[in-house]
Amino acid sequence: MGFKEEILKRRTFGIISHPDAGKTTLTEKLLLFGGAIHVAGAVKSNKIKKTATSDFMEIERQRGISVATSVMGFEYKNVKINILDTPGHQDFAEDTFRVLTACDSVIIVIDSAKGVESQTRKLMQVCRMRKTPVIVFINKLDRPGHDPFDLLDEIEKELQIQVTPLSWPIGNGDQFKGIYNIHRENLCLYSASVQTIQDGIEIDDINSGELDEHIGERSADKLREDLELVREVYPALDRAAYLDGQVAPVFFGSALNNFGIREMLDCFIEIAPSPLPRETDERLVQPDEEKFTGFVFKIHANMDPNHRDRIAFVKVCSGIFRRNTNYLHVGLGKNLKFSTPTAFMASKKSIIDEAYPGDIVGLHDTGNFKIGDTLTEGEKLHFKGIPSFSPELFKYIENADPMKSKQLAKGIDQLMDEGVAQLFTNQFNNRKIIGTVGALQFEVIEYRLLHEYGAACRWENINLYKACWIEALDPKELEDFRLHKAQYMAKDKWGRDVFLAESQYMLQMAQANYKKLVFHFTSEF
Ligand code: GDP
């Protein structure tokens, strides 16, 4: 197979949802289709249970699972599918944002009884920012749920995206009879007792009595009415609009019962994008360029506390990645080569010789990589789209064991490289501040510093509302600002200026008084 065909046959995507909507179940059923696993229950949920906040064994267990399920690759109908796992827990939302930067498209799972939930809304915001193509799967139709039209209204309003339903449910809960596949114009009957996947029933004319025979007169009339309304209200599938992130095709089904999933998967491989061109600070990189480029979107520490080595996950953006070949680490300005690059097929890891655009390669790392780093064949490129978000919780981090200050510094440095949290150094008192999006991260950091680096830390509360990155349209004004706000000035890991606002009021005043400074809430501007 030629290079271009290899690219065209790849689909790299993420599944996102609010916890409990059915992401893990759907992932597992998709893997079953690919023959990547053979029994249900093989995919472990990486959910952190509510009770587990202080259970460190649980955190360790989760880390183990999340390495195994970071990337799940499989083949289906001659298409190479890579599912990138995203953590569901909101304290790890930032990890999910970064994984999304490596996805070419996304499937959103929504619980039909709950509708659009908070986490879905947040993640969708990131998809909109990046114009990621989105397909929606409305799940749990075997349970009582909202009316499908209401759900679609809610999605349009809450997720701010137009929808095109491509399948349609016939009832729900006890009355769930099946779905009509609008895309293929056939009927799939649901039966809770039959767990095998049946072929759709072709119905040439939904106005014929044939439909009544299958689902009864009342359901048949209701379906005809619904479908007529669907045709009037919603546009037909427009692939260009989907690829542009304007329209989301919607499917209905029940992941648990493996119902309605094949319809979605068949449509997915037909319409979802193969690897897309990628922006760098310097230029647009096309996937079919001859030379290899890629970027690190995730770093995972080794599970063995005696080894500090890590796995850096690289998304191949162009060219062919090859084993034992020298590549330029643009950030470090030095060449590196990798003798054991791994690919992830379902839960198996294996060493590979080459990887194509769209693929994810796991590289063994001894501390060279941080999130966002670029690898090339020599060109100095910097891929865009790996933002840090303004954290919401802050604490001073102090050394609790003076004998171990080196270990602490190294530990903090490496954990920040992994993107566990963000470090700011106050320029006034030189104290180190850790900023996170969730409370759980402080516990993770303290635990890992101790167990992986032998360092002890102590937290001290700090009253901060927001840390924002400052862009100076006028350098003089920045000088003036620095002078007046000396106590509130910090540097991030890359040495960029950060303003530590104690309150919303303080931030508003700064914005009002310094018109030539822009205060950013993501690190990328
Ligand atoms: P995640 O948190 O989004 O990964 O959700 P899970 O896949 O772990 O599912 C959460 C719960 O919902 C589990 O108990 C699943 O068995 C259940 N579930 C998932 N899909 C369905 C479905 O289609 N119907 C029903 N009744 N339950 C489902």
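Does Asp20 count as buried, exposed or partly exposed, and how many C-beta neighbours does Asp20 have inside 10 Å? In this predicted model, Asp20 has 15 C-beta neighbours inside 10 Å and therefore counts as partly exposed. The residue is located in the loop that links strand 1 (10–17) to helix 2 (23–33).

**Overall composition**

The chain comprises 14 helices and 31 strands. It has 525 residues, of which 43% count as buried. Among contacts with a separation of 6 or more, 72% are made by residues 24 or more positions apart.

**Two loop residues with positive phi**

Most residues other than glycine have a negative phi. Asp20 has a positive phi, near 85°. Asn78 likewise has a positive phi, near 65°. Asn78 belongs to the loop between strand 2 (71–76) and strand 3 (79–84). Because 9 other C-beta atoms lie within 10 Å of Asn78, this residue is exposed.

**Helix pairs**

Helix 2, which follows the loop of Asp20, packs against helix 10 (residues 261–271) at an angle of about 70°, and the two axes are 11 Å apart. Helix 2 is therefore roughly perpendicular to helix 10, and the crossing is right-handed. On the side of helix 2, the contact involves Leu26, Lys29, Leu30 and Phe33; these residues meet Ile261, Arg262 and Leu265 of helix 10. By residue class, this contact consists of 5 nonpolar, no polar and 2 charged residues.

A second pair is formed by helix 11 (residues 405–418) and helix 12 (residues 440–453), whose axes come within 10 Å and cross at roughly 120°. The two helices are therefore oblique to each other. Their crossing is right-handed. Helix 11 contributes Gln407, Leu408, Lys410, Gly411 and Leu415, while helix 12 contributes Ile445, Arg448, Leu449, Glu452 and Tyr453. The residues of this contact comprise 5 nonpolar, 2 polar and 3 charged.

**The eight-stranded sheet and its helices**

Strands of a sheet pair through backbone hydrogen bonds, either parallel or antiparallel. An open sheet in this chain has 8 strands with antiparallel pairing, in the order 27-24-26-25-29-30-28-31. Its edges are strand 27 (457–461) and strand 31 (517–520), each of which pairs on one side only. On average, neighbouring strands of the sheet are turned by 40° against each other, direction ignored.

Within this order, strand 29 (residues 489–491) and strand 30 (residues 497–501) run antiparallel and are joined by 3 bridges. One pairing involves Met489, whose bridge partner in strand 30 is Phe499.

Two helices lie across strands of this sheet, as set out below.

| Helix | Strands crossed | Angle |
|---|---|---|
| Helix 13 (residues 475–484) | strand 28 (466–472), strand 29 and strand 31 | about 145° to strand 28 |
| Helix 14 (residues 504–513) | strand 28, strand 30 and strand 31 | about 130° to strand 30 |

Strand 31, an edge strand of the sheet, is thus among the strands that helix 13 lies across, and helix 14 also lies across strand 31. Strand 29 lies under the path of helix 13, whereas its bridged partner, strand 30, is one of the strands that helix 14 lies across.

Note on methods
Residues numbered from 1 in each chain as written. Predicted model: local features only at pLDDT ≥ 70, side-chain atom pairs only at ≥ 80, totals over all residues. Axes fitted to C-alpha atoms, helices over the stretch in contact; angles between N-to-C directions. Helix = DSSP H or I, 4+ residues; strand = E, 2+ residues; numbered from the N terminus. Parallel < 35°, antiparallel > 145°, perpendicular 65-115°, else oblique. Left-handed = near helix turned anticlockwise from the far one by under 90°. Contact = placed C-beta atoms within 7 Å. Nonpolar A, V, L, I, M, F, W, Y, C, P; charged D, E, K, R; others polar. Pairing = 2+ DSSP bridges. Buried ≥ 20, exposed ≤ 12 C-beta atoms within 10 Å, placed from the backbone.
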